[in-house]
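Visitor: I would like to learn how to read the fold of a protein chain from its model. Could you take me through it step by step?

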Amino acid sequence: MERERFEPRIIGFFCNWCSYRAADGAGTARVKYAPNVRVIRLMCSGRVDPSFVLKALASGADGVLIAGCHPGECHYIEQNYKTMRRYAMLTQTLRALGISERRVRLVWASAAEGTQLAAAVDEMVEDLRLLGPLHWSANLREEDHEAAFEHILHEHEQAMEVTR
Ligand code: FES
């Protein structure tokens, strides 16, 4: 019997001005890419607190994709430089927790780069298939994963503002 293919769950934190529009553009242009990402729109990648990432992983995500405007093109001047610093620290924390840093990615995508963003999603999904499930929330039942994700999505509806 053929083994069922592992479908990783990914939470995507996409900035409103570039990456979210890139994802939208990819959809409009009918660019095909893996449907494994649940996207949370934030005003800026600088709004992604590392605790958001850890909470997503603890709630059942197998990976987290953070996407923002290219360095120098952030609509909030230099917030994505803050994202880069936070990401560097976050990868250290993940290593300390024994979690592969390949599970959390930071990519840049302008509004015109839907194809590139779609390729980054596909690449991450394939990589997570190789890594396998994270199992950080092994005690959660399937329906609890969905509830936890819905809770996260709702929680971030309140987090659209950018704090300096
Ligand atoms: S507005 Fe897109 S990363 Fe800041």
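Guide: We shall go from the order of the elements to the sheet and then to the helices, bearing in mind that this is a predicted model.

Visitor: How many helices and strands are there in the protein chain, and in what order do the elements run?

Guide: A reading begins with the elements in chain order. The protein chain has five helices and four strands, and from the N terminus on they run β-α-β-α-β-α-β-α-α.

Visitor: In what order do the four strands lie in the sheet?

Guide: Order in the sheet is read separately from order along the chain. Here the four strands form an open sheet in the order 2-1-3-4, with parallel pairing. Strand 2 (37-42) and strand 4 (104-108) are at the edges, and because each has a single partner strand, one side of each lacks a neighbour in the sheet. From one strand to the next, the twist averages 20°.

Visitor: Over how many bridges do strand 1 and strand 3 pair?

Guide: Strand 1 (residues 10-15) pairs with strand 3 (residues 63-68) in the parallel sense over five bridges; for Phe14, the bridge partner in strand 3 is Ala67.

Visitor: Which strands do helix 2 and helix 3 lie across?

Guide: For each helix, one reads the strands it crosses and then the angle. Helix 2 (residues 50-58) lies across strand 1, strand 3 and strand 4, at about 150° to strand 3, while helix 3 (residues 79-96) lies across strand 3 and strand 4, at about 160° to strand 4.

Visitor: What share of the residues is buried?

Guide: Of the 164 residues in the protein chain, 36% are buried.

Conventions: Residues numbered from 1 in each chain as written. Predicted model: local features only at pLDDT ≥ 70, side-chain atom pairs only at ≥ 80, totals over all residues. Pairing = 2+ DSSP bridges. Helix = DSSP H or I, 4+ residues; strand = E, 2+ residues; numbered from the N terminus. Axes fitted to C-alpha atoms, helices over the stretch in contact; angles between N-to-C directions. Contact = placed C-beta atoms within 7 Å. Buried ≥ 20, exposed ≤ 12 C-beta atoms within 10 Å, placed from the backbone.
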